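Welcome! Here is a short tour of a ligand and the pockets of the protein that holds it. Take a look at the structure first.

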Amino acid sequence: MKAPLRLGLAGLGTVGAEVARQIITEQDTLAAQAGRAISIVAVSARTKGKNRGVEIDAPWVDNPADIVMRPGIDAVVELMGGADGIALDVARATLTAGKPLITANKAMLAAHWGELFDMSARYHAPIMFEASVCGGIPIIKVLREGLAGNRITRIEGILNGTCNYILSTMDATGRDLDDVLKEAQAKGYAEADPTFDVDGWDAAHKLTILAKLAFDPRITTDAITVSGIRKITSDDLKKARAAGMTIRLVGRAEKGADGLKLSVAAVHLPLEHPLAAVGGAMNAVSIKADPVDICTLIGPGAGAGPTASAVLSDIIDIARKI
Ligand code: HSE
């Protein structure tokens, strides 16, 4: 068997702690899948000494951006979040050291794609980001690999688990948005700053990444018309239902005669529409492409388990390839 893959883990929030727990408790299964053991050999986060419900037997590094410099690190997993600041420092340090970067950070990728992928090419350091869009749905691998031979004309979907949880719960129970948002936060679905969820920016960052992969890597979040769900009331949902509809936050990128149109908005959907049936923190992405036609993927889009699942798939990819 090959030598273990030695990881530096930067970020021990909901997702980071779950990734660590999986690597520790499922080590035999992961080693069998990867063809080698996977071990965490250094950890770092914004705050030291919090109880994260997992015991990691690895040295603590005070500055997360220094983690890649620890002896023997093969790859860095960045799960700190935030478009700039320390997460970006970790990404730059990792790539310039020529090491693979595994990240769930959609805000950072949406904002710094060009710079980070230039570094990736210059230093021969792959960036893996399956966990950045739609949690447990393997949509990045589908676009990069499974549909690589297609010409994509439309992507639409439910890209934010928190908003979907809020809207579907408001619809089912008549409760208020703020009340249900607190529940989504407690379940680990929401961003550290939940305004990113409810105002549509988290979905916009994900749509930016999907559009870059599907249409043009130069597309930026500025090209998306963004509105969120803050103004939706349970009364709106009640009225929609009386008219045979529901409301969902939908991200959409579509190529037409007058170019590519990108939007994130709360829209009315007839109850028989496939996206109307997607409830809770589930996500769905529907891709229209030639020659495949329409492919729809549905799965859990937020939370510790689904996001950790995507991070682990990238870790195993790296373990197999380097
Ligand atoms: N806050 C995000 C969501 C987490 O609710 O979808 C997963 O990206």
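## The ligand and its surroundings

An oxygen atom of the ligand lies 2.6 Å from an N or O atom in the side chain of Thr-162. Please keep in mind that this is a predicted model. Thr-162 has company, and the table lists the contacts described here.

| Ligand atom | Partner in the protein | Distance |
|---|---|---|
| oxygen | N or O atom in the side chain of Thr-162 | 2.6 Å |
| oxygen | N or O atom in the side chain of Lys-106 | 2.7 Å |
| nitrogen | polar backbone atom of Tyr-189 | 2.8 Å |

On its own, the ligand has 250 Å² of accessible area, and the protein covers 93% of that. The residues around the ligand also include Asn-160, Glu-191, Asp-197 and Lys-206. By class, this shell divides into 3 nonpolar, 4 polar and 5 charged residues. Two helices, α6 (161–173) and α9 (201–214), each supply at least two residues of the shell.

Where does the ligand sit among the pockets? The space it takes is the largest pocket, with a volume of about 1000 Å³. Of the 46 residues lining this pocket, the closest to its centre are Leu-79, Met-80, Gly-81, Glu-191 and Ala-192. The lining has 17 nonpolar, 19 polar and 10 charged residues. Helices α1 (14–25), α4 (106–122), α6, α8 (195–198) and α9 each give at least two residues to this lining.

The second largest pocket has a volume of about 210 Å³. Its lining includes Leu-12, Val-43, Lys-48, Arg-52 and Trp-60, and by class it has 6 nonpolar, 2 polar and 4 charged residues.

Notes:
Residues are numbered from 1 along each chain as its sequence is written. This is a predicted model: local features need pLDDT of at least 70, side-chain atom pairs count only at pLDDT 80 or more; totals for chains, interfaces and linings use all residues. Side-chain values use heavy atoms; hydrogens and water are left out. A residue is near a molecule or strand if one of its heavy atoms lies within 4 Å of it. A polar contact is a pair of N or O atoms within 3.5 Å; within protein, one must be able to donate a hydrogen and the other to accept it, and residues adjacent in sequence count only if both atoms are side-chain atoms. Accessible areas come from the Shrake-Rupley method with a 1.4 Å probe; for residues, only the protein chains shown count as cover. On a 1 Å grid over the protein atoms alone, a cavity is a set of points where a 1.4 Å probe fits but cannot get out, and a pocket is an open set with protein on both sides within 12 Å along at least five of seven lines; lining residues have an atom within 4 Å of a point. A molecule sits in a cavity or pocket if more than half of its atoms lie within 2 Å of its grid points. Helices (H or I, at least four residues) and strands (E, at least two) are DSSP runs, numbered from the N terminus. Ala, Val, Leu, Ile, Met, Phe, Trp, Tyr, Cys and Pro count as nonpolar, Asp, Glu, Lys and Arg as charged, and the others, Gly among them, as polar. Grid points are joined across faces, edges and corners, and a volume is the space filled by probe spheres set on the points.
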